[in-house]
Amino acid sequence: MTDHAAIHIDRLVRRYGHTDAVNGLTLEVKPGRCYGFFGRNGAGKTTTIKCLLNLLRPTSGTVRVFGLDPRKAEVAVKSRIAYVPDYVAFYPWMTVRQTLDYFAAFRARWNRATESALLDRFRLDPRQNTTHLSKGQRTQLALITAICAEPELLVLDEPTAGLDPIVRREFIEAVIGAYQEGDPGRRTVFVSTHLIAEFEGLIDEFTIIEDGRAVLSSDADRARDRYQKVYARFAAPLGGTLDLGAARVLKQNGREIEVLAEGDAELVVERLKARSPEVVKTESLTLEEIFVAALQPARGSAALA
Amino acid sequence: MRLQLNFKSGKPVYLQIVDQVRAAVAAGSIRAGEPLPSIRPLAEELRVNRNTVAKAYTELESQGVIETAAGKGCFVRNTGTPLKKKACLTLLAEEVDQAVVQAHHLQVTRAEFLKLVEERLDSFEEQRHRKVAT
C-alpha cells in the first residue's frame, strides 16, 4: 500500500451543467509530502477535493487515494483521510468534549495525548457548547478532530481563510508539530489555499490550478530557483534594443530595468552585464509571486523602447 | 543561535538552515557540545515543514558539523571538520568566487576587497573571544 501515491489524479473532469469546474486536471502527491494546491476563487480547488472524498463523482478521469477509488472503496479511503473544510459545522447541541468523543467513535485510532495538548494550546474549553465557538475556534476544533485520528492524509481546504493572524499561526504550527511529528514518512498534507505566503515554508511541492487545469506543478525549491527577478541599473538610459530571450520585462524606467526570468536568469544576467550596468541583482520569487506570475498573461517582448 | 529564512534567496530552505548553523558554529554563537534545538520546535518556530529541518540536520551530520546522540538529540561536534584541508578550500573557493564576482559588479577594488575580508575575519574572531569570555 505504501508504494501508492497518496493522491493520484489523472485527467479529471467534473462538469456542472455546461460549466467545467475541473477540466483535465492531473497531479500526483507522494506519501510524506506537503502539497500545496493553489488557485483563485472558483479555480476548481474545492470541486477537486470533493472528488477525492467521494462527495462528488467525476464526470470523467480518475481519482485514486492510496491507489484506491474513493467511489468503490469509500470506507477504506475515508479511514485513512481527515478533512478540514473552510466552513465547519458541528452538531449544535454538543459540547466540545461530546463533539470530540463523537468523532473519535468513528475512528480506529484516537490520540488522547494529542487531543489534550491541542485543547490546551488552542485554549478551548471542553465544556463549551459548539454553538458558542467563534469561527476560529470551530476551525481549531475541526483540526483537533482531524489530527487526533492520525490519518495518513490530511486534506485542508482553505483552512485559514477568514481567521485572525494568531489563529492562523497556531493552526500551521499544529499541522507541523502535532500532525507531522507522529510518523513523518506517512504524514501527507494536501492543502488548498490562496493565502500562499503563510504556507510557504510548509510546502514541498505544489500545483497552481486555473479554470480547472494545472497551470504549473513543481517542487517548491525548484520553482524558487527557476523564477528569478533580475534588477539592473545603468549609468545612463539604455538605447537600442536589448534581447533578453524569453524573459519578461516587469518594469523599465530610464536607467533601471526589472525582468522576470523563468529558468534563464543566467542568460539575462549575462546580457545585462554586457551593457556594463552599475548594479545587477537577482532575487528569487516567493511562491505567492510565482502564483501571480503564472496566472498573468505575458506582457510583450523584452525589447527596449 | 537565531535562524532566519529568506524565500527570496533562491537557496533551498534546508540549505539555508545548514549554512546558518555552520555560520553560527563559525561565529561561536553555538559551541562544541551544545545541543541544537530539536526538530519539532525548530520547525514550528520557523514554520517550515518538519522534513525540511530533518533534512538539514541529516546534511549537517554528514558534513560532520553535528552529531546525534540517541534519545538526546543533536549536538555540535567537538572535533573540527573531518574534511581534508584541500577539499575544504575547494568548497570555500566557490563561496569566495561569488563574493569576487559581486565585488567586481559593485566596482570594489582588489585592495578594498582584501581589506574587507580581513575586517570580517577580525570581527568573527572578536565575537568568538567575547563569547568565550562570558
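How many salt bridges are there between chain A and chain B? The count is 4, where a salt bridge is a side-chain nitrogen of Lys or Arg within 4 Å of a carboxyl oxygen of Asp or Glu.

Before you start selecting, please note that this is a predicted model, in which local features need pLDDT of at least 70 and side-chain atom pairs count only at pLDDT 80 or more, while totals for chains, interfaces and linings use all residues. Residues are numbered from 1 along each chain as its sequence is written, chains are lettered from A and ligands numbered from 1 in the order in which they are written, and side-chain values use heavy atoms, with hydrogens and water left out.

**Stop 1: where the chains meet**

Show both chains and select the residues in contact (heavy atoms within 4.5 Å). You should get 28 residues of chain A and 17 residues of chain B. About 2200 Å² is buried between the two chains, and carbon and sulfur atoms give 48% of that area; buried area is the accessible area (1.4 Å probe) that two parts lose on being put together, summed over both. Now pick A:Ile176, A:Glu181 and A:Gly201: together they supply 21% of what chain A buries against chain B, more than any other three residues.

Next, zoom in on B:Lys8 and A:Glu283, whose side chains form a salt bridge at 3.1 Å, N to O. Between the chains there are also 14 residue pairs in polar contact, both residues at pLDDT 80 or more. A polar contact is a pair of N or O atoms within 3.5 Å; within protein, one must be able to donate a hydrogen and the other to accept it, and residues adjacent in sequence count only if both atoms are side-chain atoms.

Colour chain A by secondary structure, with helices (H or I, at least four residues) and strands (E, at least two) taken as DSSP runs numbered from the N terminus. On the side of chain A that touches chain B, the elements giving two or more residues are α6 (165-181), α7 (220-226) and β13 (279-284) of chain A. The largest share, 8 residues, comes from α6(A).

**Stop 2: helix α7 of chain A**

Select A:Asp221 and A:Arg224, a salt bridge with its closest N and O atoms 3.1 Å apart. The two residues are 3 apart in helix α7 of chain A, so about one helical turn separates them. Over all chains, the structure holds 36 salt bridges.

**Stop 3: the sheet of 4 strands**

Which strands form the antiparallel open sheet of chain A, and in what order? They run β11-β12-β10-β13, where two strands pair if DSSP finds at least two bridges between them. β11 (248-253) and β13 of chain A are at the edges with a single partner strand each, so one side of each has no neighbour in the sheet. Follow β10 (residues 227-233) of chain A alongside β13(A): they pair in the antiparallel sense over 6 bridges, and A:Tyr231 stands opposite A:Lys281 in β13(A).

Then add helix α8 (residues 265-273) of chain A, which lies across β10, β12 (256-262) and β13 of chain A at about 5 degrees to β10(A). Axes here are lines fitted to C-alpha atoms, for helices over the stretch in contact, and angles run from 0 to 180 degrees between N-to-C directions.

**Stop 4: the sheet of 6 strands**

Move on to the open sheet ordered β5-β6-β7-β3-β8-β9 in chain A, with mixed pairing. Its edge strands are β5 (81-84) and β9 (213-219) of chain A. β5(A) pairs with β6 (residues 153-157) of chain A in the parallel sense over 4 bridges; look there for A:Ala82 and its bridge partner A:Leu154. Helix α5 (residues 135-148) of chain A packs on this sheet, touching β5 and β6 of chain A, and makes about 175 degrees with β5(A).

**Stop 5: chain B**

Finally, show chain B, with its 5 helices and 2 strands. Along the sequence, chain B reads α-α-α-β-β-α-α.
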